[in-house]
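Please find below my notes on the model, set out as numbered points. They follow the packing around selected side chains first and the strand pairing afterwards.

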Amino acid sequence: MGKIFTALGLMSGTSGDGIDASIISSDGIDQYSEIINEYFKYDEKIYENLHNLREKIFNFGDLKKNEKEINNLEKEITLFHAKIVNKILEKTDKKIDFLGFHGQTIYHNSQEKISKQIGNASLLSQLTKRTVIYKFRQNDINNGGEGAPLTPIFHRLIVKKKKIDLPVCILNIGGIANVTAINEYDDNSFFSRDLGPGNCLIDEWLRDNTKNRFDQNGDIANRGKINELILNQALDNFDNIFNQNSFSFDIKDFSCSFVRGLNIEDGAATLTDLTGKIIVERLLSFLSGKRKESWNILVCGGGRKNQTLIKRIKDTIPNSFEIKSIDDFEIDGDFVESQAFAFLAIRSVLKLPISFPETTGCNKPTPGGVLIKY
């Protein structure tokens, strides 16, 4: 066994509602143990500023156009991260070797090979008095990859450590849904893709039409009626988006505008059904060339709590696929991503690959992350 490092991973996902923070100890290869997991909700000001800013960014030029606003939000988000890091550090005697700082994605375009996360790593390092690893996606992009998804190497470690029966998929339903398929425990038998919208369309609909940030348990969708005509038209339109066969997507690749004429419940029901159908269709397409056996599908991320969405997925997927919550395996499904970025920070320091041709489309297994030493 190699040297064990302790890292704090900070992840704010595409849902943009707050920060998941996790401390793990790991050798960066095949050992890890959890120490602390905690969620910190963005305050109303940051939440509103973030989502208002995202509404203005549709292309690379918009990043330049909104530079002042981006810089202001970056400072706010960095200060928020620093505050929560210092809170967490008070709760543990463990020496934290470094922080894995993902930052907040505000623009991701797989075709242009651009992925923009905001967060000032130098300022975070000064305020927390810790070494920070950030810019996890850039080296992958420089090596021909799309910069996402980055968590598969950690998904594989979880499956190996928990001795979960193979073949298995880890299905993460955040703002975007992504999947890691694992055939064997060896280095080359795992594959990953973004599938399409996870929570993003449902969240956008609720944000635009109610005071809610998301559909708690899928209750609003459960009360609504699916509009089959709009649903089928939307599915046809989405097929055109998916023809590009990308490894990754951004929430701005999708819009809920096509349900605008529906009431809140029916809109939520139609979007939830659409999301479930896309996840299943894309998952089956992704797995079709991998193996013919039945697959266990372990669901993590906030979307696993949307019971209406999970029911739609279970009702649509063939019986040979078993959908389970990752929590059934004593893994907290809320913190897989934040633990992953702690793990990726350790691998970054060790100069080990964090992305692979079958996970991001890069040319070769690629290390990543930039180190800001305190």
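**Notes on packing and strand pairing**

1. In this predicted model, tyrosine 42 touches Ser12, Gly16, Asp17, Gly18, Ile19, Tyr47, Leu50, Ile77, Phe80, His81, Gln104 and Arg213, when residues up to four places away in sequence are not counted. Tyrosine 42 has a relative accessible area of 1%, and since buried means under 20%, this residue therefore counts as buried.

2. The largest nonpolar core has 35 residues, and Tyr42 is among those with the most contacts inside it, together with Leu8, Leu10 and Ile106. Helix α3, which spans residues 67-89, gives the most to this core, with 9 residues. A second, separate core has 33 residues, including Leu150, Ile158, Val159 and Leu344.

3. Among the aromatic contacts, of which the structure holds 9 pairs, phenylalanine 5 and phenylalanine 98 form a tilted pair, with 5.7 Å from centre to centre and 35° between the planes. Phenylalanine 5 belongs to strand β1 (residues 5-12) and phenylalanine 98 to strand β4 (residues 98-109), so that this pair ties together parts that are 93 residues apart in sequence. Both phenylalanine 5 and phenylalanine 98 are buried.

4. Tyrosine 42 also takes part in an aromatic pair, in this case with phenylalanine 80: the arrangement is edge-to-face, at 5.4 Å centre to centre and with 65° between the planes. Here, too, distant parts of the chain are linked, as tyrosine 42 lies in the loop between β3 (32-41) and α1 (44-54) whereas phenylalanine 80 lies in helix α3, 38 residues apart. Phenylalanine 80 is buried, with a relative accessible area of 8%.

5. Further ring contacts deserve a mention. Phe238, Phe249, Phe254 and Phe258 are linked by ring pairs into a cluster. There are also charged side chains placed over rings: arginine 156 lies over the face of phenylalanine 190, at 4.9 Å from the ring centre, and the charged end of lysine 252 sits over the ring of phenylalanine 58, 3.8 Å from its centre.

6. Is threonine 92, in the loop between α3 and β4, buried or exposed? Its relative accessibility is 13%, and because the limit for buried is under 20%, threonine 92 counts as buried. Threonine 92 touches Ile23, Ile35 and Ile36, again not counting residues up to four places away in sequence, while a polar atom of its side chain lies 3.0 Å from the backbone nitrogen of lysine 94.

7. Strand β7 (residues 168-173) has 6 of its 6 residues buried, so the strand is largely enclosed by the rest of the structure. Val168, Ile170 and Asn172 point one way from β7, whereas Cys169, Leu171 and Ile173 point the other way, and all of these are buried.

8. Which strands pair with β7? Strand β8 (residues 176-182) pairs with β7 in the antiparallel sense over 6 bridges, and a hairpin through 2 residues joins β7 to β8. Within this pairing, leucine 171 has valine 179 of β8 as its bridge partner. Strand β10 (residues 296-300) pairs with β7 in the parallel sense over 5 bridges, and there the bridge partner of isoleucine 170 is leucine 298.

Methods. Residues numbered from 1 in each chain as written. Predicted model: local features only at pLDDT ≥ 70, side-chain atom pairs only at ≥ 80, totals over all residues. Heavy atoms only, no water. Core = buried A, V, L, I, M, F, W, Y, C linked by side-chain atoms within 4.5 Å. Buried < 20%, exposed > 50% of the residue type's maximum accessible area, 1.4 Å probe, protein only. Helix = DSSP H or I, 4+ residues; strand = E, 2+ residues; numbered from the N terminus. Contact = heavy atoms within 4.5 Å. Phe/Tyr/Trp six-rings, centres within 6.5 Å; stacked < 30°, edge-to-face > 60°. Lys NZ or Arg CZ within 6 Å of the ring centre and 35° of its normal. Polar contact = N/O pair within 3.5 Å; in protein donor to acceptor, adjacent residues only side chain to side chain. Pairing = 2+ DSSP bridges.
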